Structure formats: C-alpha cells, structure tokens
Amino acid sequence: MIKRFFSTRPTMVKKALVFLAEGAEEMETVITVDTLRRAGIEVTLAGLAGDQQVICSRNVKINPDVALDSVKSDNFDAVILPGGLKGAEACALSPLVGEILHRHYESSKLVAAICAGPTALFAHRLAFGKRITSYPAFKEKLGANYVYKEDRVVQDDNVVTSQGPGTSFEFALKIVEYLEGAQKAQSLIEPMRLKF
C-alpha cells in the first residue's frame, strides 16, 4: 500500500479593522462586520475612544472588541471606515486613524469607506485621484480631489467606497470579494437571502 502525503499549507486568515467612533452609522458598521465574519474574515471592531460602549447615530449601542490604541501597530488586510456624520468627523480628526489609513494604503492593503466615511479619506489626504463614491451630499466636497462616481459601490485598486446604509451589503460583499474572491462573496448571497 502506498501512502500519500499531502502538504497542507495553513491558509492565512484575512484580517480587517473596522473603526468605531461615537455617531457611527450602525447599519454600515454591523452589516459590514457581520458579512465579513460570515466569510471567515477575522474582524476587529476598534473603538476610537477606548473599549467602552459606543452610541451610534440612531442611539444603537455597540461594544467595540478593543480600543483602537491597543491595535495601532497591528497589520490588517483591510481597514474600514463606516459612515455616520459624527463618527466620520471623529475619524477625520484622529491623527491615529490617519496614520493607520496611510500605513495600510501605502502597503497596498484595502482601504474601504462608506457614506460619510470617504470624508475621512479626504481629511487625511488619502487616495487623491482615485475613483470613489459617497453619500451624495459629499459629492461637491470630494469631487475636486477624486474622480467622483454615482455608482452604489466603487472600487479603484485597493480603495472601495460606497454610498450609505442601503448599500451596506453590496459594500461588504465587495470587501469580501477583494479579500477572498468572487466565489466566496457569491456564496454568502443566498444564505443571507439577498437579491441583486
């Protein structure tokens, strides 16, 4: 009897960081985190102000996994900015968020932002010249430094952007597709009873 030995390479689990600040849009946060976790991606929900409970834009309370400061030196395959005006403003004003965004963008890791989230990219002077979208109210603010598109989700190399709560599933699935491939993203649609 011949024994066959197969080399089994350990598959590297992809890792994503989701920023969580007071006033974040809860649908964009939770749908993204949940969809990525369903895809087997290790998601860290990191609180800008620490690991205390965060009150989101519609008064939904979310507990971050960790304080952002505790993972500031970690490397991720994707860093993600939910929207929510107040939450996006907090991310825009945070030097630490800017440092993390730049480090990952310059290492060709995925940077993703939805709704008001792209305004934080703008504030940190990141990815100028790329094709992006956002919540429509920010078109004028972003249009001078980006190639603004009105599509629900826009990908330009390692930058993915989207428009708002109603595009959260498409946004999350595009991130899954980028990190794990189209087949993995497609495999999530039917079990979640989504229709596209």
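Which residue in β2 is the bridge partner of Val 18? I looked this up before anything else. The partner is Leu 45. I note here that the model is predicted.

**Entry: strand β1 and its neighbours**

I took strand β1, residues 15-20, as the starting point, and found 5 of its 6 residues buried. I then followed its pairing with strand β2, residues 42-47, which is parallel and has 6 bridges. Between these two strands the chain passes through helix α1, residues 26-38, and the β-α-β crossover is right-handed.

β1 also pairs with strand β6, residues 78-81; these two run parallel and 3 bridges join them. Val 18 turned up again in this pairing, standing opposite Ile 80 of β6. I have therefore written Val 18 down with two partners, Leu 45 in β2 and Ile 80 in β6.**Entry: Ile 80 and the core around it**

I looked up what Ile 80 touches, leaving aside its neighbours within four places in sequence. The contacts include Ala 16, Leu 17, Val 18 and Phe 19, and also Thr 32, Leu 36, Ala 112, Phe 171 and Ile 175. Ile 80 is one of the residues with the most contacts inside the largest nonpolar core, together with Leu 36, Ile 41 and Ile 175. This core has 32 residues. I listed the elements that give it two or more residues: β1, α1, β2, β6, β7 (110-114), α6 and α7. The most come from α6, which gives 6 residues. Apart from this core I found another, of 29 residues, with Leu 96, Val 97, Ala 127 and Tyr 146 among them. As a general remark, nonpolar side chains in soluble globular proteins tend to be buried together.

**Entry: helix α7**

Which residues of helix α7 are buried? In this helix, residues 182-189, they are Ala 185, Leu 188 and Ile 189. They lie on the same side of α7, because the arc they cover around the axis is only 110°. Gln 183 and Gln 186, on the other side of α7, are exposed. I checked what the buried residues pack against, and noted α1 and α6 (168-180).

**Entry: aromatic pairs**

I searched the whole structure for aromatic pairs and have 3 on the page. One of them is Phe 128 with Tyr 146, edge-to-face, at 5.3 Å centre to centre and with 90° between the planes. The two residues are 18 apart in the chain: Phe 128 is in the loop between α4 (118-123) and β8 (131-132), and Tyr 146 is in the loop between α5 (139-143) and β9 (147-148). Ring pairs also bring in Phe 122, which makes a cluster with Phe 128 and Tyr 146.

Is Tyr 146 buried or exposed? Tyr 146 counts as buried because its relative accessibility is 5%. Phe 128 has 31% and so counts as partly exposed.

**Entry: strand β11**

I ended with strand β11, residues 159-162. Val 159 and Thr 161 point one way from it, Val 160 and Ser 162 point the other way, and all are buried. β11 pairs with β7 in the parallel sense over 4 bridges, and Ala 113 has Thr 161 as its bridge partner there. With strand β10, residues 153-156, β11 runs antiparallel, joined by 4 bridges. In that pairing Gln 155 is matched with Val 160. β10 and β11 form a hairpin with 2 residues between them, and Asp 157 in the turn has a positive phi of about 55°.

Definitions and conventions:
Residues numbered from 1 in each chain as written. Predicted model: local features only at pLDDT ≥ 70, side-chain atom pairs only at ≥ 80, totals over all residues. Heavy atoms only, no water. Buried < 20%, exposed > 50% of the residue type's maximum accessible area, 1.4 Å probe, protein only. Pairing = 2+ DSSP bridges. Right-handed = clockwise from strand over helix to strand, strands pointing away. Phe/Tyr/Trp six-rings, centres within 6.5 Å; stacked < 30°, edge-to-face > 60°. Arc of directions from axis to C-beta. Contact = heavy atoms within 4.5 Å. Core = buried A, V, L, I, M, F, W, Y, C linked by side-chain atoms within 4.5 Å.
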